[in-house]
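Thanks, everyone. I will take a few minutes on one structure, so please look at the display as I go.

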Amino acid sequence: MKTETLDQFLQNLTDKELSFFSKFRQKEFMPASQEKISEELRKRNLTKSKIVQLTHPQEVEDNEKCPRCGSNNFQQIKDNELRATKYGGYEVEVNSQKCRICSYNAHKDQALNWKVWFKQFFRKYSWTKLK
Ligand SMILES: [Zn+2]
């Protein structure tokens, strides 16, 4: 969240995205920011029960979207991994995506259902670069 303020970010979310954001990420923020999130929820009349309804687990079929919330607002994550071979080790860069709405990383986090598990197993949520 560098180029835009939290207010702008919140205002640009759909009701569904805002609900997911609040459910999974509100606690990460400082109290003043948490209050801003609550304020935006109030403004839109998103009550607790409405949030539960909007964030009900669903299957997202679209590979370009977050399997948990269906959004496509991602942050790129880079990790280094050491691969062992017969002749020694080499380092690779493993790239994955973390959802900015609900913070789910389909490559690293626990699979949500068997379809996600399957794609995780075949490394569909990450790509590797030699260093
Ligand atoms: Zn998400």
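Strand 1, residues 74-85, pairs with strand 2, residues 88-99, in the antiparallel sense, over 12 bridges. Please keep in mind that this is a predicted model. To find the pairing on the display, take L82, which stands opposite E91 in strand 2. How is strand 1 joined to strand 2? The connection is a hairpin, and it runs through two residues.

Strand 2 has another partner. It pairs with strand 3, residues 126-130, again in the antiparallel sense, here over five bridges. A pair to look for is S96 and S126: S96 stands opposite S126, which belongs to strand 3.

As general background, strands of a sheet pair through backbone hydrogen bonds, either parallel or antiparallel.

Now put the strands together. They make an open sheet of three strands in the order 1-2-3, with antiparallel pairing. Which strands are at the edges? Strand 1 and strand 3 are the edge strands, because each of them pairs on one side only. Neighbouring strands in this sheet are turned against each other by 30° on average, with direction ignored.

Next, the loops. Between strand 2 and helix 5, which covers residues 114-121, there is a loop, and S103 has its place in it. S103 is not a glycine, yet its phi is positive, at about 65°. Is S103 buried or exposed? The answer lies in between: S103 has 17 other C-beta atoms within 10 Å, so it counts as partly exposed. The reasoning needs the cut-offs here: 20 or more such atoms would make a residue buried, and 12 or fewer would make it exposed.

After helix 5 comes a second case. R123 is placed in the loop between helix 5 and strand 3. Its phi is also positive, near 50°, and R123 is a residue other than glycine. How many C-beta neighbours does R123 have inside 10 Å? There are 12, and therefore R123 counts as exposed.

Last, the domains. The domain assignment of the protein gives two entries: domain 1 is 6-54, and domain 2 is 74-130. How far apart do the C-alpha centres of domain 1 and domain 2 lie? They lie 28 Å apart.

To recap the sheet: the order is 1-2-3 and the pairing is antiparallel, with strand 1 and strand 3 at the edges. That is where I stop.

Notes:
Residues numbered from 1 in each chain as written. Predicted model: local features only at pLDDT ≥ 70, side-chain atom pairs only at ≥ 80, totals over all residues. Helix = DSSP H or I, 4+ residues; strand = E, 2+ residues; numbered from the N terminus. Domains from an automatic or database assignment. Axes fitted to C-alpha atoms, helices over the stretch in contact; angles between N-to-C directions.
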